[in-house]
Amino acid sequence: MELAAVESAPVKRKAKFLLAAKVLFSVVLLALVLTKVDPGSILQVLVKANIWLIVAWYALVPVVVWLSAWRWEVLAPSLPFSTALKYTWIGLFYAHVLPGAISGDIAKGISLAFKDNAARTGLAASIVAEKVIGLTALLLFFDLACAVVYLLYGDAFSEVRRLAVIALILSIIGIVTAVVVLGAAMRFRRNAGGRSQSAVGRAVYSVATAVKVYSDKPMILLEAFGVSVAIHIVNIFALYLSLRALHVDAGVPFAAIVYPVISVMVLMPISISGIGVRDVTLAILFTLFGLPPASGVAMSWLALFATVPNIIIGGTIQLLEIYKKRKSAPGD
C-alpha cells in the first residue's frame, strides 16, 4: 500500500502539471487570437446568429454520441446498447476534464470495468479498435478534403493549395508510419507478451491485441467503419448548419474541408477541450478562404458551448453510477 502511494504521487503531480500546461496554452492561444481578431466583431457575429439553426446544430451532438455508442456495441457484441450509450456519455465527460488525447476512452473503459466484471472481456480491445477505426475514417475525410482543396480551390487560393499538398504528404507519411508500427506491434506482442511496464509498451501491446481479436472478423470492422463514416457526415452537416447560423457565405464543400482539419488539430493534447487550438485554426482557415476570421472564432466559441450540455449529461451519469455503487456496497 505504501509503495503504491509513493508511486502514485509522481503520477498525480505529472497529471496536474499537464493539466496546468494545457490550461496555460489554451489561454495563450486565445489571447493571441483576440489580438488579431477584434472581440467586438466576434460578438456582433454572435448577436446576429440564427438561434434556431444553432439549436438544430446542437441537437446533432447527441446523435453523434448515439452513433458512437452504436459503433462500440458493434465492436463489443456482448455489450448492451444502453450500457454502451451510458458509458459513451461518461467518456465524453472525462475527455473534456482530464488531460490526454485518449483520456475519455480510457476513463469510460475503467468505469465500466469497475461497474460490471462481465463486461471486462474484450473491453480494452473494443475500445482500442473503436479509436483506431474512428481515426482511420477521419484520416480518409482529411485526405479527401486536401484533394478537394487542391482541385477546386487551387487556382483562387494558391497558399491554400500549397498547404493542402503539404498536409496530404504528411498524412501519407502518417499512414506509412502507422503500418510500420502495426507490424512492430504484432512482433512485440509475440515476443514480449504483456510483460512491458512502459506506457509505450502497454499501448503497443493493446493495439496488437485488438488486431488479433478482430483479424478474423472483417465484417464487424467494416460495419464499425461505416458507422464512423456516418458520424463524420453528421458532424460535417452540423458544421454546415453552424455556417448558415452565422450567415457565412460558404456551403457544404467548405464544411467538408474545415471539419476534418479542425478535428485533426484538436486531437493534439495541448489544450483544454480544444480551446485556443480550434480558435486559431478556424481564424486561419477563414482568412485563407477569404471569409471573415471573426466568424471563424464565433463558430469556435459556439462549438465549445455545444459540448457543455453533453459534458453535464456525462458527468451526471457518472455521479449517479458512483452513488448507486456506494449505496449497494456491503455494510451501507
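**Exercise 1.** In this predicted model, find which residues Ser-228 contacts, leaving aside neighbours within four places in sequence. Then decide whether Ser-228 is buried or exposed.

*Solution.* Step 1: beyond those neighbours, Ser-228 is in contact with Arg-71, Ile-133, Gly-134 and Ala-137. Step 2: Ser-228 has its place in helix H9. Step 3: the relative accessible area of Ser-228 is 0%. Buried means under 20%, so Ser-228 is buried.

**Exercise 2.** Describe how helix H9 and helix H10 are placed relative to each other, and state which residues meet.

*Solution.* Step 1: H9 covers residues 218-245 and H10 covers residues 252-266. Step 2: their axes come within 9 Å and cross at roughly 120°. Step 3: because of that angle, H9 is oblique to H10. Step 4: the crossing in which H9 passes H10 is right-handed. Step 5: from H9, the residues that meet H10 are His-232, Asn-235, Ile-236, Leu-239, Tyr-240 and Leu-243. Their partners in H10 are Val-252, Phe-254, Ala-255, Ala-256, Val-258 and Tyr-259. Step 6: sorted by type, the residues of this contact are 10 nonpolar, two polar and no charged.

**Exercise 3.** Work out where pLDDT is below 50 or stays under 50, and what contacts the model has there.

*Solution.* Step 1: for the protein chain, the mean pLDDT is 76, with 66% of residues at 70 or more. Step 2: residues 1-7 have pLDDT below 50, and this stretch has zero contacts beyond near neighbours in sequence. Step 3: pLDDT also stays under 50 over residues 194-198, where the model has five contacts beyond four places in sequence. Step 4: predicted coordinates should not be read in detail where pLDDT is low.

Methods
Residues numbered from 1 in each chain as written. Predicted model: local features only at pLDDT ≥ 70, side-chain atom pairs only at ≥ 80, totals over all residues. Heavy atoms only, no water. pLDDT = per-residue confidence, 0-100. Contact = heavy atoms within 4.5 Å. Axes fitted to C-alpha atoms, helices over the stretch in contact; angles between N-to-C directions. Helix = DSSP H or I, 4+ residues; strand = E, 2+ residues; numbered from the N terminus. Parallel < 35°, antiparallel > 145°, perpendicular 65-115°, else oblique. Left-handed = near helix turned anticlockwise from the far one by under 90°. Nonpolar A, V, L, I, M, F, W, Y, C, P; charged D, E, K, R; others polar. Buried < 20%, exposed > 50% of the residue type's maximum accessible area, 1.4 Å probe, protein only.
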